[in-house]
Amino acid sequence: MAHLTAAQLIKTTDGPRRKRAQFVRIIQAKKYRTKKTKQGVIRASLQSLKGYGSGKPHGVEIRSMTGNYKISKGPVRVWCTCEDFMYREEYALTKLDASRIRWSNGKPATITNPYNTPYVCKHLAKMLSTIINKRM
Ligand SMILES: [Zn+2]
């Protein structure tokens, strides 16, 4: 199974989503290590700026797949609580082991993402580019 890094997930994401990520702000973020496996995990809450998106806060999780505390370098698994992620991205990302079914019904997104193209929502695009820039 292929694995994807933060940089690869951003690269596979279309321009309009990446652009919309510029209008998302991080409300809070925390990074920790899992007790057993010592993997780095980031949990964050993000929200679109006024006038962009629903204004509802969404929660993202980015999890290192190796025992690395530094998440920005190696392969990751990602989740977001937004509808875009649930209805288009989660299933497709599981095909590359870049997510696990958590928020969706686990069925292929045959209409919204028929070719299972791996990409991320604006919240994850914002958080992934932030961890790369900050070398987290
Ligand atoms: Zn999202």
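## Exercises on a four-stranded sheet

In this predicted model, helix 4 (residues 122–133) lies across strand 1, strand 2 (40–48), strand 3 and strand 4, and runs at about 45° to strand 3.

**Exercise 1.** State in which order the four strands form the open sheet, and find which strands stand at its edges.

Solution. The order is 1-2-3-4, with antiparallel pairing. Strand 1 (24–33) and strand 4 (76–80) each have a single partner strand, so these two stand at the edges and one side of each is left without a neighbour in the sheet. From one strand to the next, the twist averages 15°.

**Exercise 2.** Go through the pairs of strands and give the bridges for each, with residues that stand opposite one another.

Solution.
- Step one: strand 1 and strand 2 run antiparallel and are joined by nine bridges. Q28 stands opposite S45 in strand 2.
- Step two: six bridges pair strand 2 with strand 3 in the antiparallel sense. Here I42 is opposite I62 in strand 3.
- Step three: strand 3 (residues 58–64) pairs with strand 4 over five bridges, again in the antiparallel sense. S64 stands opposite V76 in strand 4.

**Exercise 3.** Describe the link between strand 1 and strand 2, and name the residue in the turn with a positive phi.

Solution. The two strands form a hairpin, and six residues lie between them. The residue in question is K38, whose phi is about 65°.

**Exercise 4.** Sort the residues of strand 2 by face, covered or uncovered.

Solution. The covered face holds G40, I42, A44, L46 and S48. V41, R43, S45 and Q47 belong to the uncovered face. Thus I42, which stands opposite I62 in strand 3, is on the covered face, whereas S45, opposite Q28, is on the uncovered one.

Definitions and conventions: Residues numbered from 1 in each chain as written. Predicted model: local features only at pLDDT ≥ 70, side-chain atom pairs only at ≥ 80, totals over all residues. Pairing = 2+ DSSP bridges. Axes fitted to C-alpha atoms, helices over the stretch in contact; angles between N-to-C directions. Contact = placed C-beta atoms within 7 Å. Buried ≥ 20, exposed ≤ 12 C-beta atoms within 10 Å, placed from the backbone.
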